[in-house]
Amino acid sequence: MEDNRYSFNSNELLFKVFHYKKPLLITTTIGAIVAIIVSFLITPLYRSTFVLYPAPSLAISESIKTKDVAKKESIYGEDKETEQILQVLNSDELRTRIINKYDLWKHYDIDSANVRYPNDKMLKKFQKRISYRRTEYMAVEISVLDADPDTAAMIANDIATLIDTVMNGMEHTRAKEVLNIVEYEYKTKEEQISDFNDSLKRIMEKGIYDYESQSEVVVEAYAQALASGNTKGAERIKEQLDTLAKYGAAYVSLRDFLEFESEQLSALNQKYKEAKVDAEQLLTHYFVVNKAIKSDKKAKPKRAIIVGISTIATFIFTFIVLIFIELLKEFKLQEEAKNQSKE
């Protein structure tokens with residue numbers, strides 16, 4: 001049985017290219033010209049980058065302690081700090097601040113009133129123009145593309161600045177809550193100690209200044225008075241003994257309690273000072289490696305790549321279409337030959 005299937009080898013493929021050289025040359029040339037025109041119509045974009053290293057995530061009160069700093073193997077942050085900064089860079093708060101400051105709705109030509117899903121469109125445009133990544137050396141790179149090279153540099157630098165703004169805002173909110181709690185505990189303890197001091201003062205007004213030594217001296221004097229037959233002196237000393245017996249236990253209890261509470265107050269005072277520093281002071285969360293500067297060379301579009309890819313694609317598409325047309329003609333001829341043979 002005769003096999004009428006159409007087939008050709010690689011040599012035939014080259015022959016076909018040569019055979020269709022004229023239409024291939026015409027369409028490929030047209031494709032290249034169109035690609036050149038389109039590439040010049042695309043708005044050029046300029047790239048600015050800001051590179052930073054994360055700082056260790058220590059509280060301000062901790063970072064000023066020499067012993068804590070000495071324990072750090074590096075002044076730079078580690079994976080945790082890098083991930084925190086990347087998370088902040090992708091936060092809604094930072095993105096919203098940049099959009100509002102530079103009026104990106106107008107800058108990116110997005111009509112929020114008339115376009116469908118404006119927020120989604122803005123998010124996609126923002127992520128296409130502004131990107132963040134961890135470098136191979138564990139730094140963080142902020143990359144901004146914009147039609148205006150000055151704007152690209154300003155946005156990149158402002159984004160870096162907002163890292164501290166956002167992170168300090170979150171940390172200060174918590175630090176102020178901690179400060180309020182410690183301050184309340186400190187003042188409560190202070191008032192409590194003041195009340196006990198007043199109670200101790202009233203006892204001391206009874207003549208009790210040092211219960212242990214006073215008791216020893218008074219008891220010895222009382223014994224001597226009795227031994228010498230000094231009844232009146234013994235009675236006066238007996239009154240002192242009665243006073244010591246009546247208020248001595250309370251004096252010892254208050255004195256020991258105040259000593260313990262004073263130590264607690266001292267510890268709270270230290271915590272209060274640390275909490276106050278954390279709530280009121282600012283600390284940067286990164287070290288600048290390279291600030292973003294105005295670029296004098298466009299990053300996109302790469303016209304040579306656009307023209308090259310478009311030209312090759314046009315050539316391949318045209319060749320496939322021509323082969324497909326030839327195959328259709330061949331199949332049609334085979335069908336006509338079969339019909340004639342049947343007749």
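# A walk through the predicted model

Start by selecting helix α5, residues 79–89: its buried residues are Glu81, Thr82, Ile85, Leu86, Val88 and Leu89. Look down the axis and you'll find that these buried residues cover an arc of only 160°, which puts them on the same side of α5. Keep in mind as you go that this is a predicted model.

**Zooming out**

Now show the whole chain as a cartoon. There are 12 helices and 5 strands to find in the protein chain. Colour by accessibility, and buried residues make up 32% of the 343 residues. The protein chain exposes about 23,100 Å², with carbon and sulfur atoms supplying 56% of that area. If you draw up a contact list, keep the pairs with a separation of 6 or more: residues 24 or more positions apart account for 79% of those contacts.

**Helix α8, inside and out**

Next, select residues 118–129, which is helix α8. Its 12 residues reach 16 Å from the first C-alpha to the last, close to the 16 Å expected at 1.5 Å a residue. Which residues of α8 are buried? Show Pro118, Met122, Phe126 and Arg129 as sticks, and you have them. Turn the view to look down the axis of α8: the buried residues fall within an arc of 75°, so they line one face of the helix. Then check the other side of α8, where Lys124 and Lys128 are exposed.

What covers the buried residues of α8? Add β1 (45–54), α6, α7 (104–107), β2 (130–134) and β3 (140–146) to the view, since the cover includes these elements.

**Salt bridges**

Time to switch on the charged side chains. Side chains of opposite charge can pair when their charged atoms come close. This structure holds 10 salt bridges, and a few are worth a stop.

Go first to Lys101 and Asp158, whose side chains meet in a salt bridge at 2.7 Å, N to O. Lys101 sits in helix α6 (residues 92–101) and Asp158 in helix α9 (residues 149–204), so the pair ties together parts that are 57 residues apart in sequence. The two ends have their own settings: Lys101 is exposed, with a relative accessible area of 57%, while Asp158 counts as buried at 18% relative accessibility.

Now select Glu261 and Lys189, another salt bridge, this one at 2.6 Å, N to O. Glu261 belongs to helix α11 (residues 231–280) and Lys189 to helix α9, so this pair ties together parts that are 72 residues apart in sequence. Are the two partners buried or exposed? Glu261 is buried, and so is Lys189.

While you have the charges displayed, pick out Asp79, Glu83 and Arg134: salt bridges that share partners join these residues into one network.

One more pair before moving on. Arg133 forms a salt bridge with Glu141, and their closest N and O atoms are 3.1 Å apart. Arg133 is partly exposed, with a relative accessible area of 43%, whereas Glu141 is buried at 18%.

**Around Asp164**

Stay with helix α9 and select Asp164. Asp164 counts as buried, at 15% relative accessibility. What does Asp164 touch, not counting residues up to four places away in sequence? Bring up Gly169, Leu283, Thr284, His285 and Tyr286 to see those contacts. Then draw a distance from Asp164 to Val88, which you met on α5 among the buried residues. Their C-alpha atoms are separated by 9.5 Å, although the two residues are 76 residues apart along the chain.

**A nonpolar patch**

Switch to a surface view and select Ile26, Ile30, Val34, Val38 and Ile42. Together they make a nonpolar surface patch of about 390 Å². Ile26, one of the patch members, lies in helix α2 (residues 21–41). At 43% relative accessibility, Ile26 counts as partly exposed.

**Last stop: Thr318**

Finish by selecting Thr318, found in helix α12 (residues 303–342). Is Thr318 buried or exposed? It counts as buried, at 11% relative accessibility. Leave aside the neighbours within four places in sequence, and Thr318 is in contact with Pro23, Leu24 and Thr27. Show those residues as sticks next to Thr318 and the tour is done.

Technical notes
Residues are numbered from 1 along each chain as its sequence is written. This is a predicted model: local features need pLDDT of at least 70, side-chain atom pairs count only at pLDDT 80 or more; totals for chains, interfaces and linings use all residues. Side-chain values use heavy atoms; hydrogens and water are left out. A salt bridge is a side-chain nitrogen of Lys or Arg within 4 Å of a carboxyl oxygen of Asp or Glu. Helices (H or I, at least four residues) and strands (E, at least two) are DSSP runs, numbered from the N terminus. Buried means under 20% relative accessible area, exposed over 50%, partly exposed in between (1.4 Å probe, protein chains only). Patches are made of residues with over 30% relative accessible area and no salt bridge: like charges are joined within 9 Å, nonpolar side chains (Val, Leu, Ile, Met, Phe, Trp, Tyr) within 5 Å. Accessible areas come from the Shrake-Rupley method with a 1.4 Å probe; for residues, only the protein chains shown count as cover. Contact means heavy atoms within 4.5 Å. The arc is that of the directions from the helix axis to the C-beta atoms. The expected span of a helix is 1.5 Å times one less than its number of residues.
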